[in-house]
Amino acid sequence: MSKTVHDSMIRDIRLAPSGQLKIDWVAAHMPLLNSVKEQFEKDKPFAGKRVTICLHLEAKTAYLGKVIQAGGAEVAMVASNPLSTQDDVVAALADSGIYVYAWHGATAEEYKMHLNKGLDFQPDALIDDGGDLVSTLHHERIEQTKKIIGGAEETTTGIIRLRAMEKEGKLNFPMIAVNDAYCKYLFDNRYGTGQSVWDAIMRSTNLVVAGKTVVVIGYGWCGKGVAMRAKGLGAKVIVTEVDPIKAVEAVMDGFQVMPMIEAAKRGDFFITVTGNKDCITAEHFYVMKDGAILANAGHFDVEINKIDLNNMAKNVRKVRNNIEEFTFADGRKVYLLAEGRLVNLAAGDGHPAEVMDMTFALQALSLRYIVEHQGQLENRVYSVPEELDRHVAELRLQTWGIEIDELTEEQVRYLESWVE
Ligand SMILES: NC(=O)c1ccc[n+]([C@@H]2O[C@H](COP(=O)([O-])OP(=O)(O)OC[C@H]3O[C@@H](n4cnc5c(N)ncnc54)[C@H](O)[C@@H]3O)[C@@H](O)[C@H]2O)c1
């Protein structure tokens, strides 16, 4: 057995062949990442570097890990959520020379231990999703932050944390906000979340969506996708928001908008996707219909208040894989999917491979940018350089065989002048 297999902390190495099949499947549907991999194999941008990656550990992220490895890095991977880890994929990674510290259903303590193992690996650079690596480093391992060149952050919630650290002057290395690239949020957050959230809800519940009332809490990039797909499935969609501009947008997109306390009385399905806490609490549970189904697609399991739910329930039982039933004193029941964690990853396979292809091409190229600009960047949150964002869109079009027009020189001049 290889050294990585011995040093990794995984459930069962014998699962590797099944995980490898899953990785092969997504690799066959990720042409952008394949082309980045080919380039990395030639250039070896990470030669001599160690990279720790904290992402939902399933086949697409595993393939990203292998692409970074192909660029010459020694790679360690840890989970960004204990429920989304797929043990067979993790085994395949360990088998292929990547150090992995994760298993499905890790307790809070085990999860923390895995994060620390990933940092004991002494990385030079990081990929983070939700900010757990960066936050562990800054809270518990501050000395180590001096040795980090920088990294890239995947999601909205992680970027909110990074910006808060930057504002207080507490961020000790540069990070690239991958989520804020056009080629990330326009496609991953909107189309990826839109499709995969419904895939997970439908496969978990095996219930019909057409004709039901779906309440989408938060009309950001993810919420737009979830609402759009609910409409496509034939649901009546209600949106709740706190931002008046997003609320206007939702109304003009054809959805009903109302306060959560009103929506709570009407919904058959509730999906939180705000990045905020306490979006559904006791006051809402009190007025919900019998049989309401609750799911969260935001990064942390704080959007649906599980303490309130447990306090109100007279009986709790698991009724299906990934579904808990809460029975209230008046006999009403509500159902919580995937313990209120990101439903599309905890009760599904996450975003489609073609969507993550763009996001992970951005991740890989952003990490290369950070490493190649070592010493030239400040300890700030950077946007993905515009040329990388455009490059990924161009690659996407190329792989689809779609061509577009180019501006003529005269058009460029016209667009740049203010006199004509
Ligand atoms: N499930 C996934 O695969 C996936 C993918 C990408 C992002 N995310 C996560 O989903 C969350 C949302 O991401 P996004 O990119 O859509 O963010 P966003 O900032 O574009 O949208 C969030 C929206 O929620 C609204 N909001 C905040 N508090 C609210 C409240 N109490 N009630 C109603 N609306 C409220 C905000 O006004 C905003 O419009 C984040 O936690 C992000 O990390 C999940």
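**Exercise 1. Describe the overall build of the chain.**

Solution. Start with the secondary structure: the chain has 18 helices and 15 strands. Next, judge the packing. The radius of gyration is 22 Å, close to the 22 Å that the globule rule gives for 420 residues, so the chain is as compact as a globular protein of that length. Keep in mind that this is a predicted model. Then take the extent: along its principal axes the C-alpha trace spans about 70 × 65 × 45 Å. Now look inside. Buried residues make up 51% of the 420 residues. Finally, check the contacts with a separation of 6 or more: 73% of them join residues 24 or more positions apart.

**Exercise 2. Find the domains and say how they meet.**

Solution. First, mark the bounds. Domain 1 covers 3-184 + 351-400, and domain 2 covers 193-346. Second, locate their C-alpha centres, which lie 29 Å apart. Third, look at the contacts: 11 residues of domain 1 are in contact with 11 residues of domain 2. Fourth, sort the side of domain 1 that touches domain 2. Three residues there are nonpolar, eight are polar and none is charged.

**Exercise 3. Locate the annotated span and describe its content.**

Solution. Begin with the record. An unreviewed UniProt entry places "domain: S-adenosyl-L-homocysteine hydrolase NAD binding" at residues 189-350. Then turn to the model. The span is 37% helix and 25% strand. The C-alpha atoms at the ends of residues 189-350 lie 11 Å apart.

**Exercise 4. Characterise the shell around the ligand.**

Solution. Count first: 29 residues surround the ligand. The closest are G218, G220, C222, G275 and H299. Then name the elements that give two or more residues to this shell: α8 (156-167), α9 (182-205), α10 (221-232) and α15 (343-346). Sort by class next. The shell has 11 nonpolar, 15 polar and three charged residues. Last, ask which domains take part. Domain 1 and domain 2 each supply at least three residues of the shell.

**Exercise 5. Decide whether P123 is buried or exposed, and list what P123 touches.**

Solution. Place the residue first: P123 is found in the loop between α6 (108-120) and β4 (125-128). Apply the cut-off: a residue is buried if 20 or more other C-beta atoms lie within 10 Å of its own. P123 has 25 other C-beta atoms within 10 Å, so P123 is buried. Now list the partners. Leaving out residues up to four places away in sequence, P123 touches R50, V51, T52, A76 and I148. For a sense of distance, take V287, 164 residues from P123 along the chain. The C-alpha atoms of P123 and V287 are separated by 50 Å.

Note on methods. Residues numbered from 1 in each chain as written. Predicted model: local features only at pLDDT ≥ 70, side-chain atom pairs only at ≥ 80, totals over all residues. UniProt positions renumbered as here; feature names shortened; annotations may be inferred. Helix = DSSP H or I, 4+ residues; strand = E, 2+ residues; numbered from the N terminus. Rg over C-alpha atoms; globule rule 2.2 N^0.38 Å. Buried ≥ 20, exposed ≤ 12 C-beta atoms within 10 Å, placed from the backbone. Contact = placed C-beta atoms within 7 Å. Near = placed C-beta within 6 Å. Nonpolar A, V, L, I, M, F, W, Y, C, P; charged D, E, K, R; others polar. Domains from an automatic or database assignment.
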